[in-house]
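Please look over the model shown here before reading on. The notes after it cover the sheet, some buried residues and the pockets.

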Amino acid sequence: MENFTININKITSIGIAGNSGSGKSYFLTYLLNMLNNKRSLVIVDPKFDQPSRWGRDNKVRVIAPSNNRSKSDFVSAVNTELSKCLELIHQRQQILYTNPNADFEHFFAVIDEVLALSDGISKPIKESFFSLLSQISLLGRASKVHLLLISQRFVNNAIPISVREQMNVLIQVGNIITKTTQFLFPDLNLDGIVIPQGIGTGLIQVI
């Protein structure tokens, strides 16, 4: 990442993909440290793992499952949080309507292991989850409300296609083969591309 910069004002959504143990959570922690300065964050951590500890240490709100909560109840709580994000977008849109030059603090809704969230829950809760993700990704840029999503794979049952298409910072860590890159980089031809092996390697594309 040396000498690599991203203009945060041009970000819509960020996607991080990689197989288990590839370093997704480590890279997420790196990004969170970059974003934590004068940005607002909320973290959804289904595994109650490294992102939760980072949130605790940096006084960032974390939504994590508890022992007495079912998965559907947990995703419903996540939907409530995403509804607040959408409400923030609408509030800021009203301000922009009267003052197009209004400036806002960036807000990131960070969701780790999004595939684990969307898999195996009731259809109404999943549809609500997908709808909220879609609305935030489509409406959030002007009001500086963003998604930062992490998943082993961004298959169609993990997130809506519209959300994947709105991502303009794409990161694939770990094993780089056609099977792993087909969702974030469907048009990528790996012929002739040499990817170093080892921890902390992968691909990043900024659109």
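A residue is called buried when its relative accessible area is under 20%, exposed when the value is over 50%, and partly exposed in between, with a 1.4 Å probe and protein chains only. By this rule Glu81, with a relative accessible area of 6%, is buried. The structure is a predicted model, in which local features need pLDDT of at least 70, side-chain atom pairs count only at pLDDT 80 or more, and totals for chains, interfaces and linings use all residues. Residues are numbered from 1 along each chain as its sequence is written, and side-chain values use heavy atoms, with hydrogens and water left out.

**The sheet**

- Helices (H or I, at least four residues) and strands (E, at least two) are DSSP runs, numbered from the N terminus.
- Two strands pair if DSSP finds at least two bridges between them.
- Seen across the open sheet, its 7 strands follow the order β3-β2-β4-β5-β1-β6-β7, and the pairing is mixed.
- The edges are held by β3 (61–63) and β7, each with a single partner strand, so one side of each has no neighbour in the sheet.
- On average, neighbouring strands of this sheet are turned by 15° against each other, direction ignored.
- Axes are lines fitted to C-alpha atoms, for helices over the stretch in contact, and angles run from 0 to 180 degrees between N-to-C directions.

**Strand β5 and its neighbours**

- Strand β1 (residues 13–17) pairs with strand β5 (residues 145–151) in the parallel sense, over 5 bridges.
- Within this pairing, Ile14 stands opposite Leu148, and Gly15 has Leu149 as its bridge partner.
- β4 also pairs with β5 in the parallel sense, over 5 bridges.
- Leu149 in β5 is the bridge partner of Ile111.
- 7 of the 7 residues of β5 are buried, so β5 is largely enclosed by the rest of the structure.
- Val145, Leu147, Leu149 and Ser151 point one way from β5, while His146, Leu148 and Ile150 point the other way.
- Helix α5 (residues 123–139) lies across β1, β4 (107–111) and β5, and runs at about 130° to β5.

**Four buried residues**

- Contact means heavy atoms within 4.5 Å, and the contacts listed for these residues leave aside neighbours within four places in sequence.
- Glu81 is placed in helix α3 (residues 71–98) and is in contact with Val42, Arg61 and Ile63.
- Ser52 belongs to helix α2 (residues 50–57), counts as buried at 8% relative accessibility, and touches Asp45, Val62 and Ala64.
- Ser118 is part of helix α4 (residues 114–118) and is buried at 1% relative accessibility.
- The contacts of Ser118 are Lys126, Phe129, Phe130, Asn157 and Ala158.
- Ser118 and Ser72 are 46 residues apart along the chain, and their C-alpha atoms are separated by 9.7 Å.
- Phe107, in strand β4, is buried with a relative accessible area of 13%.
- Among the contacts of Phe107 are Ser40, Val42, Cys85 and Leu88, and also Lys144, Val145 and His146.
- From C-alpha to C-alpha, Phe107 and Asn7 are 15 Å apart in space, with their positions 100 residues apart in sequence.

**Pockets**

- Rolling a probe the size of a water molecule over the atoms shows where empty space is left.
- On a 1 Å grid over the protein atoms alone, a pocket is an open set of points with protein on both sides within 12 Å along at least five of seven lines, whereas a cavity is a set of points where a 1.4 Å probe fits but cannot get out; lining residues have an atom within 4 Å of a point.
- Grid points are joined across faces, edges and corners, and a volume is the space filled by probe spheres set on the points.
- The largest pocket has about 320 Å³ of volume.
- The largest pocket is lined by 15 residues, and Met1, Phe27, Val173, Gly200 and Thr201 are the closest to its centre.
- At least two lining residues of the largest pocket come from each of α1 (24–35), β6 (167–173) and β7 (202–206).
- Ala, Val, Leu, Ile, Met, Phe, Trp, Tyr, Cys and Pro count as nonpolar, Asp, Glu, Lys and Arg as charged, and the others, Gly among them, as polar.
- In these classes the largest pocket's lining has 9 nonpolar, 6 polar and no charged residues.
- The second largest pocket holds about 210 Å³ of space, and its lining divides into 10 nonpolar, 1 polar and 1 charged.
- α1 gives the largest share of that second lining, 4 residues.
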